[in-house]
Amino acid sequence: MGTVYVDADACPVKKIIVQQAKARGIAVVMLADTSHVLHDDYAQVITVPKGRDSVDFRLVTLLHAGDIVVTQDIGVAAMALGKGARCVNPNGLIYTNSNIDMLLYMRHENSRARRSGHYTAVPARTKQDEDAFRRAFCALLDEIQEGERI
């Protein structure tokens, strides 16, 4: 059965992930660097040395086709999709092979704008964000369970 891997450093939906995965008996692995302290009675927590992209690269080396990745990082999502994983961000956006190129391009353009001094505020999380994540995440969990029954 697939595993849920969480890029957990700044993940705002860890409780939903554990609650929904536990209810289905699906394993959860949360990865964070040493600047974050995580404890969970259900999820396995892996702490990696602090370093640029250290969590990202460790996460990608652990996952397999059919796993689920929860990440805000579009680059991590692209690598995970390349390994056959399913990916979702904390706002419920499911990353796919159909949308990842556009999202990577948008990330590049936003990075260029920031280097030019253009910054935009990050909107506060809402209940709608939580609900959208829960719906998308549960759909992915159901897909991996359905795949196991076939």
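Which residues does F133 touch, not counting residues up to four places away in sequence? The legends below take up that question and others, using a predicted model.

**Figure 1. Surroundings of F133 in helix α5.** F133 lies in helix α5, which spans residues 127–149. Its contacts, leaving out residues up to four places away in sequence, are V13, I16, I17, V70, V88, N89, P90, N91 and G92. F133 is buried, with a relative accessible area of 0%. V70 is one of the residues it touches. The C-alpha atoms of F133 and V70 are separated by 9.9 Å, although the two residues stand 63 residues apart along the chain.

**Figure 2. Overall fold of the predicted model.** The protein has five helices and six strands. From the N terminus on, the elements run β-α-β-β-α-β-α-β-β-α-α. Buried residues make up 42% of the 150 residues. Among contacts with a separation of 6 or more, 52% come from residues 24 or more positions apart.

**Figure 3. The open sheet and its edges.** Six strands form the sheet, in the order β3-β2-β1-β4-β5-β6. The pairing is mixed. The edge strands are β3 (44–48) and β6 (94–95), and each pairs on one side only. At the β6 edge, β5 (residues 86–88) and β6 pair in the antiparallel sense over two bridges. C87 has Y95 of β6 as its bridge partner.

**Figure 4. Strand β1, inside the sheet.** Five of the five residues of β1 are buried, so the strand is largely enclosed by the rest of the structure. Both faces are covered. T3, Y5 and D7 lie on one side, V4 and V6 on the other, and all are buried. β1 and β2 run parallel and are joined by five bridges. V4 stands opposite V28 in β2.

**Figure 5. T71 in the loop between β4 and α3.** T71 is placed in the loop that links β4 (68–70) to α3. T71 is buried, with a relative accessible area of 1%. Its side chain makes a polar contact with the side chain of D7, at 3.0 Å. The side chain of T71 also reaches the backbone nitrogen of D73, at 3.0 Å. Beyond four places in sequence, T71 touches D7, V76, A77, V88, N89, P90 and Y95. D7 belongs to one of the two covered faces of β1. Y95 is the bridge partner of C87.

**Figure 6. Helix α3 and its two ends.** Helix α3 covers residues 74–82. Its buried residues are I74, G75, V76, A77, A80 and L81. An α-helix has 3.6 residues a turn, so residues three or four places apart point the same way. At the start of α3, a side-chain oxygen of D73 reaches to within 2.8 Å of the backbone nitrogen of G75. D73 also offers its backbone nitrogen to the side chain of T71. Just after the helix, G84 takes a positive phi of about 90°.

**Figure 7. Helix α2 and its cover.** The buried residues of α2 are S54, V55, D56, L59 and V60. What covers them includes β1 (3–7), β2 (27–33), β3, β4 and α3.

**Figure 8. S54 in helix α2.** S54 lies in helix α2. At 19% relative accessibility, S54 counts as buried, because the cut-off is under 20%. Its side chain reaches the backbone oxygen of P49 at 2.7 Å. Leaving aside neighbours within four places in sequence, S54 is in contact with D33, V48 and P49.

**Figure 9. The second largest pocket.** The second largest pocket has a volume of about 160 Å³. It is lined by 13 residues, and the closest to its centre are D7, D9, A10, V55 and D56. Helix α2 (residues 54–62) gives the largest share of the lining, three residues. By class, the lining has three nonpolar, four polar and six charged residues. Two of the central residues have appeared in earlier views: V55 and D56 are among the buried residues of α2. D7, also close to the centre, makes the side-chain contact with T71.

Note on methods. Residues are numbered from 1 along each chain as its sequence is written. This is a predicted model: local features need pLDDT of at least 70, side-chain atom pairs count only at pLDDT 80 or more; totals for chains, interfaces and linings use all residues. Side-chain values use heavy atoms; hydrogens and water are left out. On a 1 Å grid over the protein atoms alone, a cavity is a set of points where a 1.4 Å probe fits but cannot get out, and a pocket is an open set with protein on both sides within 12 Å along at least five of seven lines; lining residues have an atom within 4 Å of a point. Grid points are joined across faces, edges and corners, and a volume is the space filled by probe spheres set on the points. Helices (H or I, at least four residues) and strands (E, at least two) are DSSP runs, numbered from the N terminus. Ala, Val, Leu, Ile, Met, Phe, Trp, Tyr, Cys and Pro count as nonpolar, Asp, Glu, Lys and Arg as charged, and the others, Gly among them, as polar. Buried means under 20% relative accessible area, exposed over 50%, partly exposed in between (1.4 Å probe, protein chains only). A polar contact is a pair of N or O atoms within 3.5 Å; within protein, one must be able to donate a hydrogen and the other to accept it, and residues adjacent in sequence count only if both atoms are side-chain atoms. Contact means heavy atoms within 4.5 Å. Two strands pair if DSSP finds at least two bridges between them.
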